[in-house]
Amino acid sequence: MAIIGTIAAVVGAGTAVVGTVQANKARKAQANVQQEQIAEQQRQQKLQSQMQRRQSIRSAQLQRAQAMSFGQAAGGAGGSGMAGGLSSFGSQFGAGSGYATQQSGINQNLSGLSSQYARLGNQAAQGQALAQIGGTVFQMAKGPARIQSFFNPAE
């Protein structure tokens with residue numbers, strides 16, 4: 001019966017170690033994924049900032065072109081106003097389309113990273129649970145006392 005208790009203590013201790021290693025490995029990987037998420041979010045913010053600057057410039061160009069067009073309609077000089085206004089609309093459409101495509105790619109990356117982060121969190125929780133089970137088995141098999149008696153057989 002003593003051998004069974006010793007085996008249970010060894011198995012419990014081993015299981016606790018394996019679970020702890022698994023949990024720590026998953027947590028480290030989870031931290032790396034979190035850094036990737038932060039980088040993607042920063043990329044997204046930079047892209048949004050660039051798009052807002054472009055929109056401000058295009059808006060100013062459009063207002064200028066409209067003013068020139070109105071001036072021409074009133075009999076003033078400057079026949080390129082209408083062409084400038086139309087060109088600005090085409091430019092805005094192209095920029096908006098490219099922006100949407102880039103944002104879609106970033107959002108897909110963020111979604112994938114979120115899934116990976118959650119999966120790694122589950123692995124860490126499973127490792128922690130395994131470690132707790134191993135610790136419980138080790139305690140129930142009187143593992144600490146068995147280890148002490150192994151190293152101090154005179155007692």
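**Helix contacts and surface features of a predicted helical chain**

Gly135 is located in helix H2. In this predicted model, the residue is partly exposed, its relative accessible area being 26%. Contacts of Gly135 beyond four places in sequence are made with Gly12 and Ala16. Ala9 lies 126 residues from Gly135 along the sequence, and the C-alpha atoms of the two residues are 9.0 Å apart.

Phe138 also belongs to helix H2, which covers residues 81-140. With a relative accessible area of 16%, Phe138 falls in the buried class, because that class comprises residues under 20%. The C-alpha atom of Phe138 is 4.4 Å from that of Ala9, although 129 residues separate the two along the chain. When neighbours within four places in sequence are set aside, the contacts of Phe138 comprise Ala9, Gly12 and Ala13, together with Gly143, Pro144 and Ile147. Gly12 thus appears among the contacts of Phe138 and among those of Gly135.

The overall architecture may be described next. The chain contains 3 helices and 0 strands, and its elements follow the order α-α-α from the N terminus. Helix H1 spans residues 2-73, helix H2 spans residues 81-140, and helix H3 spans 143-151. Of the contacts between residues at least 6 apart in sequence, 86% connect residues at least 24 apart. Of the 155 residues in the chain, 21% are classed as buried. The accessible surface amounts to about 10,500 Å², and carbon and sulfur atoms account for 59% of this area.

A further set of contacts involves Gln44, a residue of helix H1. Gln44 is buried, at a relative accessible area of 15%. Its side chain makes a polar contact of 2.8 Å with the side chain of Asn107. Beyond four places in sequence, Gln44 touches Asn107 as well as Gln103, Ile106 and Leu110. Gln103, for its part, is placed in helix H2 and is buried, with a relative accessibility of 9%. The contacts of Gln103, again without neighbours up to four places away, are Gln44, Leu47 and Gln48.

Charged residues were examined for pairing. Side chains of opposite charge can pair when their charged atoms come close. A search of the whole structure yields 1 salt bridge. Arg43 and Glu40 form a salt bridge in which the closest N and O atoms are 3.2 Å apart. The two residues are about one helical turn from each other, because they are 3 residues apart in helix H1. Arg43 is partly exposed at 42% relative accessibility, whereas Glu40 is buried at 14%. The difference in class follows from the limits applied, because buried residues lie under 20% and partly exposed residues lie between that limit and 50%.

Asn109 of helix H2 touches both Glu40 and Arg43 when residues up to four places away are not counted. The relative accessible area of Asn109 is 35%, so this residue is partly exposed. The C-alpha atoms of Asn109 and Glu36 are 9.4 Å apart, with these positions 73 residues apart along the chain.

At the surface, Ile3, Ile4, Ile7 and Val11 make up a nonpolar patch of about 410 Å². One of these residues, Ile4, lies in helix H1 and is exposed, with a relative accessible area of 54%.

The backbone of Lys142 was considered last. Most residues other than glycine have a negative phi. Lys142 has a phi near 55°, a positive value in a residue that is not glycine. Lys142 is placed in the loop between H2 and helix H3, and its relative accessibility of 56% puts it in the exposed class.

Terms used
Residues numbered from 1 in each chain as written. Predicted model: local features only at pLDDT ≥ 70, side-chain atom pairs only at ≥ 80, totals over all residues. Heavy atoms only, no water. Patch = residues over 30% accessible without salt bridge, like charges linked within 9 Å, V, L, I, M, F, W, Y side chains within 5 Å. Areas by Shrake-Rupley, 256 points an atom, 1.4 Å probe, with all protein chains shown as cover. Salt bridge = Lys/Arg side-chain N within 4 Å of Asp/Glu carboxyl O. Helix = DSSP H or I, 4+ residues; strand = E, 2+ residues; numbered from the N terminus. Buried < 20%, exposed > 50% of the residue type's maximum accessible area, 1.4 Å probe, protein only. Polar contact = N/O pair within 3.5 Å; in protein donor to acceptor, adjacent residues only side chain to side chain. Contact = heavy atoms within 4.5 Å.
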